[in-house]
Amino acid sequence: DRDTGSFLVVWRDYRGTDLYSIRGRIVDATGHPTSDELVIGDAMGEQIHPRLAYDAGSRSFLVTWSDTRRTGFYELFGQVVASPDGLLIGENVFLSSFGGYEHQVEADAAGSRYLLLYAKHGRRIAARYLESDGQPQGDEILLSSVDGRQGAPQAVFDLQRHEFLAAWHDDREGATHLFGRRIDTDGEGSDPIPSPPVECPGFLDPEGVCLGCEETAGPLVDQACPVDAGYSTHGEYLACVTAAVNALRDEGRIGAACKVHLIAPRARSSVAR
C-alpha cells in the first residue's frame with residue numbers, strides 16, 4: 001500500500017481446520033508486524049499456494065489461493081483484505097473451477113479491478129477480470145487456443161498503455177518455452193473478447209448520474225442500520241451494514257469499490273462493541 005507504506009504478507013499455514021490454511025499479517029516498511037495474524041482462508045480440505053495484489057482505488061488487497069473445500073479438486077478462492085489494518089471484507093469468494101497451483105492475480109491500476117490468470121487442466125491458459133470486491137466480471141478470456149501443456153502464468157500491468165502483458169510456460173513446440181500475450185482493457189489480443197461494463201465507482205442516482213460513494217450511499221446505509229438501534233453485538237450491526245450494502249450493489253446503484261469503502265469504516269467503528 002503505497003499510501004501508507006504497509007505490506008500484506010500471506011502464507012500457507014499448518015494450523016488450519018484440516019491442516020492447511022491461508023494466513024497473513026500487515027507489516028510496516030521496516031518489516032515489523034502492525035496487525036494480529038489474519039485467518040484469511042480456513043475450511044475443510046486444503047488451502048494452499050496464495051497469491052495477492054493491491055488495488056489502490058479501493059485501498060484493499062485481493063488474496064487468492066488453491067482450495068479443495070468444494071469438490072476435493074483444486075479450485076480458486078479469494079478474499080478482500082482492507083488496508084492498512086487488515087480488516088477482512090466479506091466472506092471467501094469462489095473464483096474459478098480451474099487453477100490449482102498454477103495461477104496469478106494482478107491489479108488493473110487504471111480500472112480498480114484485477115486480472116486472474118490460471119491453467120485449465122494444465123493445458124491452456126485462461127484469464128478473468130475480477131471486480132475490486134473479488135467478484136468475477138465478464139466472461140473468461142482464453143489466452144491460448146493451442147493444445148499443449150501450459151502453466152506458471154504471470155502478468156504485469158502497463159499503466160501508460162493501460163494493458164496487461166501475460167506470460168507462461170508452454171511446450172507446444174516440443175520443449176518448454178515462454179509465450180506471452182497482450183491484453184488491453186477491452187480484451188484485445190484475447191479470445192474471446194470480453195466486454196466489461198463501465199461501472200460507476202460511487203453511487204448511481206436514478207437519472208444515471210455517477211455521484212460520490214460515501215457522501216451519497218453512506219446515508220442510505222446509515223438510515224437502514226442506525227448506530228443507536230440497540231444492537232446486541234458489533235457483529236449484528238456489521239451484518240445489517242453488509243446486507244444494506246449488498247442490496248445497493250445488487251440493484252446496480254453502487255460499484256464494487258464503493259462496496260468496500262462503505263463496509264470497511266463501519267466494520268472498524270465502535271458500534272455495539
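This report describes helix packing, disulfides and some local backbone features in a predicted model.

## Helices α1 and α2

Two packed helices are described by the angle between their axes and the distance between the axes. Helix α1 covers residues 214-224 and helix α2 covers residues 234-250. Their axes come within 9 Å and cross at roughly 135 degrees. Angles over 145 degrees count as roughly antiparallel, and those from 65 to 115 degrees as roughly perpendicular. The pair α1 and α2 is therefore oblique. The crossing in which α1 passes α2 is right-handed.

On the α1 side, the contact is made by A217, L220, V221 and A224. On the α2 side, the residues are C240, V241, A244, V245 and L248. Sorted by class, this contact has nine nonpolar residues, with no polar and no charged ones.

## Helices α1 and α3

Helix α1 also packs with α3, which spans residues 256-267. Here the angle is about 55 degrees, and the axes are 10 Å apart. Angles under 35 degrees would count as roughly parallel. The two helices α1 and α3 are therefore oblique to each other. Their crossing is right-handed.

From α1, the contact uses E214, A217, G218, V221 and D222. From α3, it uses C258, H261, L262 and R266. The classes in this contact are four nonpolar, two polar and three charged residues. For the contact of α1 with α2, the counts were nine nonpolar, no polar and no charged. A217 and V221 of α1 appear in the list for α2 and also in the list for α3.

## The two disulfides

How many disulfides does a search of the whole structure find? The search finds two.

One disulfide joins C213 to C258, with an S to S distance of 2.1 Å. The link of C213 and C258 is right-handed, with 90 degrees about the S-S bond. This pair links distant parts of the chain, 45 residues apart. C213 is in the loop between β16 (210-211) and α1, while C258 is in helix α3. Both ends are buried: C213 has a relative accessible area of 12%, and C258 has one of 0%. C258 is also one of the α3 residues in the contact with α1.

The other disulfide joins C225 to C240, with an S to S distance of 2.0 Å. The torsion about its S-S bond is about -90 degrees, so the link of C225 and C240 is left-handed. C225 lies in the loop between α1 and α2 and C240 lies in helix α2, so the pair ties together parts 15 residues apart in sequence. C225 is buried, with a relative accessible area of 1%. C240, at 24% relative accessibility, counts as partly exposed, because buried means under 20%. C240 is also among the α2 residues in the contact with α1.

## Local backbone features

The peptide bond from S83 to P84 is cis, with omega near 5 degrees. P84 is in the loop between β6 (75-82) and β7 (88-96).

Which feature of phi is reported for S112? S112 is not a glycine, and its phi is positive, near 50 degrees. S112 is in the loop between β8 (103-108) and β9 (113-120). Its relative accessibility is 22%, so S112 counts as partly exposed. A272 is not a glycine either, and it has a positive phi of about 60 degrees. A272 is placed in the segment after α3. With 28% relative accessibility, A272 counts as partly exposed.

## The surroundings of L38

L38 lies in strand β3, which covers residues 38-41. Is L38 buried or exposed? L38 is buried, because its relative accessible area is 10%, and buried means under 20%.

Leaving out residues up to four places away in sequence, L38 touches L8, I22, R23, G24, R25, V81, G86 and L88. The C-alpha atoms of L38 and G134 are separated by 18 Å, and the two residues are 96 residues apart along the chain.

Definitions and conventions
Residues numbered from 1 in each chain as written. Predicted model: local features only at pLDDT ≥ 70, side-chain atom pairs only at ≥ 80, totals over all residues. Heavy atoms only, no water. Axes fitted to C-alpha atoms, helices over the stretch in contact; angles between N-to-C directions. Helix = DSSP H or I, 4+ residues; strand = E, 2+ residues; numbered from the N terminus. Left-handed = near helix turned anticlockwise from the far one by under 90°. Contact = heavy atoms within 4.5 Å. Nonpolar A, V, L, I, M, F, W, Y, C, P; charged D, E, K, R; others polar. Disulfide = S-S within 2.5 Å. Buried < 20%, exposed > 50% of the residue type's maximum accessible area, 1.4 Å probe, protein only.
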